[in-house]
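The following paragraphs offer a guided reading of a single model. Please keep the sequence and the structure in view while reading.

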Amino acid sequence: MVAGGPYFSVVSQRIKGVDHLFIGEVEETLPLFLDDLAENRARPVYRAKGFPSLDKTPIPRWDLVNFNNYLSMSLQMGRGCPNDCDFCHVVILNGRKTRLKPVERIVAELDALYSAGWKHDEVMFVDDNFIGRRRRVKEILEVVINWQQTHRYPYFFSGQASVDLADDEELMELVARAGFRCIFLGIESPSAASLEECHKVRNQNRDLRASVRRINEWGINVVAGFILGFDADTPAIFDEMAEFIEGCPIPHPMIGLLNVPPGTRLWTRMEEQDRLLGMPSGDNVGDPAGVNYLPKMGLEALINGYIGILKRIYGARGYYARLTGFMKGASRQPYLPERLRAEEVGSFFRLLWRMGVCDPDRLLFWRYFFSVLLNNPREFPQAMTLAAIGRHYRIFHGRVVEKLEARLPGASGE
Ligand code: B12
Ligand code: SF4
């Protein structure tokens, strides 16, 4: 068996049953392995020396993918992140220097995706922070805008950036014109002490709410990541975080419990304090809620608070209120032309049936529906998609809460 990728790269010594293990990026090691394999002398471990140039990354074989099975396709501008948050191992996996692909390569990848038949949907730029090198990224975005215009905007993009995107009007305009509809920001915490603890330097000493609002203005939905369980988190953190999310507003926060990945500075600190419980499972509904360290506030208090915030944030009333707020805030019209495609007409009627007739929260849905028609008619297709996503989140988080409640001490079956 051959194994590689982020997980195997950080837990390398602990994996059993793997014949050939790849640690790190494989642009240089995979060709070596293939040669060795052909000669029947393949080694058990191939470890990358440093970080390869991205000129060596091949264009994906999109012809091998059955597009019908996917909602979104991936494209990468570059790798690496200049920041150094203590819980994150991206800097270990991909380095602190941002390596970007040449712009011609990015265009070739867009062309390859387009000609393979991916025509009218989301493409995610999977860089951990695609604005790491501003000047070069601006040049790339100009070319992407040109590509979108030439092809009549077949794609909308999503990606991940640091919050200082909000400080650069020119960059935000380029991002919006390129067709970005969704940006993931690692906000992590509204607490200054927790941000300091985890060394999230870019988020400190700034008005984070104002930054989110400035990005929202461009019609870009900020999907923000939040973490609970820092040592500096007090019992007030749950309400503080919920109020922050509602105040921005952020329709789709991703709230998770802190995990301690091996190899990070956080791992070393927890090890020194003898607080590690094992490897991270990455499963916030596993046992004990995926938390692989002893939290300062106590595990039970952490899980109880987590359940409370999930219920508050993903309830229908709060969700529609945040969506309405986001739509109202998107005052600068997005550049992405909205078109309703034939296959979407059927989906639209199914959505009306499920959300406007069958759903117990249908009254909230209709209030939202008419508010968008009156105030943001151009945003209507996006608004309906976001409403449908909200229903999915309600169902999903309902199951998460059920599982977490069953994990609490004293729950039946424990
Ligand atoms: C994009 C992304 C996502 C997207 C995926 C979109 C999609 N449709 O693919 C979304 C947002 C859905 C997502 C979700 C999650 N993600 Co994610 N994601 C990423 C991200 C930012 C980039 C991954 C990527 O596409 N890279 C581009 C490729 C080209 O690079 P690569 O994967 O590193 O591959 C290279 C090598 O590793 C190697 N390689 C990779 N696979 C293999 C396999 C073999 C056999 C070999 C030989 C080599 C090899 O070859 C490549 C070329 O060098 C990474 C961060 C990162 N820097 O890796 C996190 C990351 C992979 N995600 C992570 C996590 C935790 C998650 C979630 C669990 C978060 C959550 N709590 O919900 C979920 C899980 C979803 C799921 N069901 O699996 C962690 C994984 C931690 C770990 N060590 O296991 C990472 C590393 C982020 C982090 N710092 O914590 N993610
Ligand atoms: S900004 Fe994001 S990718 Fe970069 S180190 Fe921090 S958490 Fe990791």
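In this predicted model, a right-handed β-α-β unit is formed by β7, helix α5 (residues 134-150) and β8. Strand β7 covers residues 122-125, and strand β8 covers residues 156-161. The two strands pair in the parallel sense, with four bridges between them. Within this pairing, M124 of β7 is placed opposite S158 in β8.

Strand β7 also has a partner in β4: these two run parallel and are joined by four bridges. Here L75 is the residue that stands opposite F125 in β7. The side chains of β7 alternate along the strand. V123 and F125 are directed to one face and are buried, whereas E122 and M124 are directed to the other face and are not buried.

Strand β4 (72-75) leads on to the first of the ligand sites, since it is among the elements that each supply at least two residues of the shell around ligand 1. The others are β1 (2-3), α1 (6-10) and α3 (90-94). The shell comprises 25 residues, of which G4, G5, Y7, E25 and V126 come nearest to ligand 1. By class, this shell holds 13 nonpolar, nine polar and three charged residues. Domain 1 (2-47) and domain 2 (63-328) each contribute at least three residues to the shell.

Which residues surround ligand 2? They are C81, N83, D84, C85, C88, V90, V91, D128, N129, S162 and G186. Five residues of this shell are nonpolar, four are polar and two are charged.

For the chain as a whole, the domain assignment lists three parts: domain 1 (2-47), domain 2 (63-328) and domain 3 (337-407). The centres of domain 1 and domain 3, taken over C-alpha atoms, are separated by 44 Å.

A final point of interest is R341, which lies in the loop between α12 (316-329) and α13 (342-358). Is R341 buried or exposed? A residue counts as exposed if 12 or fewer other C-beta atoms lie within 10 Å of its own. R341 has 11 C-beta neighbours inside 10 Å and therefore counts as exposed. In sequence, R341 and H120 are 221 residues apart, while in space their C-alpha atoms are 8.9 Å apart.

Terms used. Residues numbered from 1 in each chain as written. Chains lettered and ligands numbered in written order. Predicted model: local features only at pLDDT ≥ 70, side-chain atom pairs only at ≥ 80, totals over all residues. Near = placed C-beta within 6 Å. Nonpolar A, V, L, I, M, F, W, Y, C, P; charged D, E, K, R; others polar. Domains from an automatic or database assignment. Buried ≥ 20, exposed ≤ 12 C-beta atoms within 10 Å, placed from the backbone. Pairing = 2+ DSSP bridges. Right-handed = clockwise from strand over helix to strand, strands pointing away.
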